[in-house]
There are 2 protein chains.
Amino acid sequence: MASQPKYQRRKEDRPREIADAAFEAFAEKGYAATRIDDVAKRAGISKGLTYLYYKTKEDLFKAVVKNVVVRRVDALLADVESTELSSEAFIRGPMLDFMKRVPGSPIAIVIRLLISEGRRHPDLIDYYYDNVVARGLAAISRFLERGVERGEFRPEARDLQPQLFLAPMMLSMIWRLVFTDKPLDTDRLMENQIDLLLTRIKA
Amino acid sequence: MASQPKYQRRKEDRPREIADAAFEAFAEKGYAATRIDDVAKRAGISKGLTYLYYKTKEDLFKAVVKNVVVRRVDALLADVESTELSSEAFIRGPMLDFMKRVPGSPIAIVIRLLISEGRRHPDLIDYYYDNVVARGLAAISRFLERGVERGEFRPEARDLQPQLFLAPMMLSMIWRLVFTDKPLDTDRLMENQIDLLLTRIKA
DNA sequence: CTCTTTACTGACCCATGAGTCATTAATTAT
DNA sequence: ATAATTAATGACTCATGGGTCAGTAAAGAG
């Protein structure tokens with residue numbers, strides 16, 4: 001009867017596994033209510049091991065945010081910028097789809113964490129702003145610019161605040177985070193906003 | 001040398017004083033990081049007294065949310081509904097002013113608390129929804145209806161989701177809560193949105 | 001097969017903070 | 001005045017959970 005080993009040493013994979021487990025836990029309970037012991041259990045390891053890879057709970061928190069963010073934003077932006085559609089078709093198609101997806105995605109959960117815990121981690125806020133918000137806003141601005149150059153948008157499109165595109169997405173996110181069971185057709189909300197904006201800027 | 005009393009008994013005022021102190025503390029540190037002892041100090045009383053009026057920290061939390069909300073919303077809605085302006089003038093005037101004020105007001109702080117802690121207090125969420133969100137949305141709907149009846153708005157105005165008015169306010173709130181120091185002309189954001197909506201619905 | 005290294009465990013420590021309660025003293029009743 | 005009532009205190013308890021570390025065993029070297 002060959003006794004199987006009590007554990008395997010997997011130096012390479014542990015950090016990501018722990019961060020994933022922590023993300024799950026934070027998503028469910030929030031930062032403060034999450035116990036390191038619980039994270040460890042989810043990752044299938046002992047509590048002590050967590051501290052080998054992350055010196056404090058705060059370190060772990062930061063790793064989680066950066067992980068989730070980095071893994072997604074790059075892919076998304078690249079994907080979004082590589083289309084050959086007309087400006088209007090692009091907005092009503094891929095961009096709208098993207099906006100509809102975000103409120104139900106892990107990004108929404110990261111945002112909740114930032115809203116609740118962000119003030120105690122200013123460097124995290126900066127990181128998130130630089131790597132997500134600023135890049136997203138810049139992408140929208142570039143897109144509007146391109147539309148004007150192509151003659152698809154009126155020059156006034158350049159003066160539109162990119163946040164006008166994101167506002168209903170934001171409201172949808174918060175709505176779903178807070179009022180999970182209250183009805184709201186968030187898809188229609190975003191469609192309507194896109195419609196408002198397009199009729200304003202279309203050439 | 002008449003020794004002054006060590007304290008005064010003020011059964012009537014304590015609950016509100018404690019709730020106010022707790023609101024301050026929650027606003028600064030968030031729910032989890034706030035110590036009952038700190039609340040007591042702010043209120044100028046002993047920790048034990050807090051427990052005479054609020055059985056648990058959670059009770060106190062609920063009282064805070066209800067307090068802040070109730071004290072403001074009634075006044076605001078009444079004020080907002082008692083104007084004799086034309087629909088457009090009303091939107092561009094009092095309503096826009098109101099929207100500009102909210103992101104910097106205590107309401108924003110309550111919303112942060114609800115986003116962070118709400119899931120553990122479903123009855124609070126319901127309370128807030130019924131007393132703030134639903135009433136606000138209903139007010140906007142009534143207002144649109146009135147505009148149509150008066151011939152100031154096109155009938156399609158009835159189909160507008162009221163949330164379209166609130167979306168940029170929401171984004172502004174979150175922006176200010178999270179990215180305190182990053183620039184964003186939130187006032188212009190709301191003006192632009194109102195403008196978009198008005199050109200769509202004006203008769 | 002033995003030795004060294006180190007990933008990993010789990011029992012432990014201890015600061016913290018929610019909640020309690022015996023005691024004190026301000027107020028009210030008589 | 002004196003007694004009865006109860007608002008208010010503050011020292012206490014006790015569970016909790018972040019963080020530590022001595023010891024264990026898996027992997028790799030020679």
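# A walk across the A–B interface

Start with both chains on screen: the copies meet through the same surface, because 98% of the interface residues of chain A are also interface residues in chain B. Keep in mind throughout that this is a predicted model.

**Stop 1: the two copies together**

Colour the chains separately and superpose chain A on chain B. The operation that does this is a rotation of 180° with 0.0 Å of shift along its axis, and the RMSD is 0.1 Å. The two copies are therefore related as by a two-fold rotation axis.

**Stop 2: the contact surface**

Now select the residues of each chain that touch the other. You should find 42 residues from chain A and 41 residues from chain B. Together, chain A and chain B bury about 3,900 Å², with 65% of that on carbon and sulfur atoms. Which residues of chain A lose the most area to chain B? Show A:I115, A:Q161 and A:L196, which together account for 16% of what that side buries.

Next, look for the polar side of the contact. Across the interface there are 16 residue pairs in polar contact, both residues being at pLDDT 80 or more. To see which elements carry the chain A side, display helix 1 (14-29), helix 6 (106-117), helix 7 (122-149), helix 8 (163-178) and helix 9 (186-201) of chain A, each of which gives two or more residues to the side that touches chain B. Highlight helix 8 of chain A in its own colour, as it gives the most to that side, with 10 residues. If you colour by class, the side of chain A that touches chain B shows 24 nonpolar, 6 polar and 12 charged residues.

**Stop 3: a salt bridge between the chains**

Stay at the interface, where 4 salt bridges cross between chain A and chain B. Side chains of opposite charge can pair when their charged atoms come close. Select A:D126 and B:K182: they form a salt bridge, and their closest N and O atoms are 2.9 Å apart. The pair runs from A:D126 in helix 7 of chain A to B:K182 in the loop between helix 8 and helix 9 of chain B.

Are these two partners buried, exposed or partly exposed? A:D126 is partly exposed, with a relative accessible area of 31%. B:K182 has 16% relative accessibility, so it counts as buried, the cut-off being under 20%.

Now expand the selection around B:K182. Leaving out residues up to four places away in sequence, B:K182 touches A:D126, A:Y129 and B:W175. The side chains of B:K182 and A:D126 also make a polar contact, at 2.9 Å.

Then select the pair with the chain letters swapped. A:K182 forms a salt bridge with B:D126, and here too the closest N and O atoms are 2.9 Å apart.

**Stop 4: salt bridges within chain A**

Widen the view to the whole structure, which holds 40 salt bridges over all chains. Go to A:D195 and A:R92, a salt-bridged pair whose closest N and O atoms are 2.9 Å apart. This pair links distant parts of the chain: A:D195 sits in helix 9 of chain A and A:R92 in helix 5 (residues 87-101) of chain A, 103 residues apart. A:D195 counts as partly exposed at 24% relative accessibility, and A:R92 is partly exposed too, at 33%.

Add A:E88, A:K202 and B:R200 to that selection. Salt bridges that share partners join A:E88, A:R92, A:D195, A:K202 and B:R200 into one network.

For another pair, jump to A:R10 and A:D13, whose side chains meet in a salt bridge (3.6 Å, N to O). A:R10 counts as partly exposed at 28% relative accessibility, as does A:D13 at 38%.

**Stop 5: A:E81**

Finish at A:E81, which is found in helix 4 (residues 57-81) of chain A. A:E81 is partly exposed, with a relative accessible area of 42%. What does A:E81 touch, not counting residues up to four places away in sequence? Its contacts are A:A139 and A:R142. For a last distance to draw, connect the C-alpha atoms of A:E81 and A:M95: these residues are 14 apart along the chain, and the atoms are separated by 9.8 Å.

Technical notes
Residues numbered from 1 in each chain as written. Chains lettered and ligands numbered in written order. Predicted model: local features only at pLDDT ≥ 70, side-chain atom pairs only at ≥ 80, totals over all residues. Heavy atoms only, no water. Least-squares fit on C-alpha atoms with pLDDT ≥ 70 in both. Contact = heavy atoms within 4.5 Å. Buried area = accessible area lost by both parts, 1.4 Å probe. Polar contact = N/O pair within 3.5 Å; in protein donor to acceptor, adjacent residues only side chain to side chain. Helix = DSSP H or I, 4+ residues; strand = E, 2+ residues; numbered from the N terminus. Nonpolar A, V, L, I, M, F, W, Y, C, P; charged D, E, K, R; others polar. Buried < 20%, exposed > 50% of the residue type's maximum accessible area, 1.4 Å probe, protein only.
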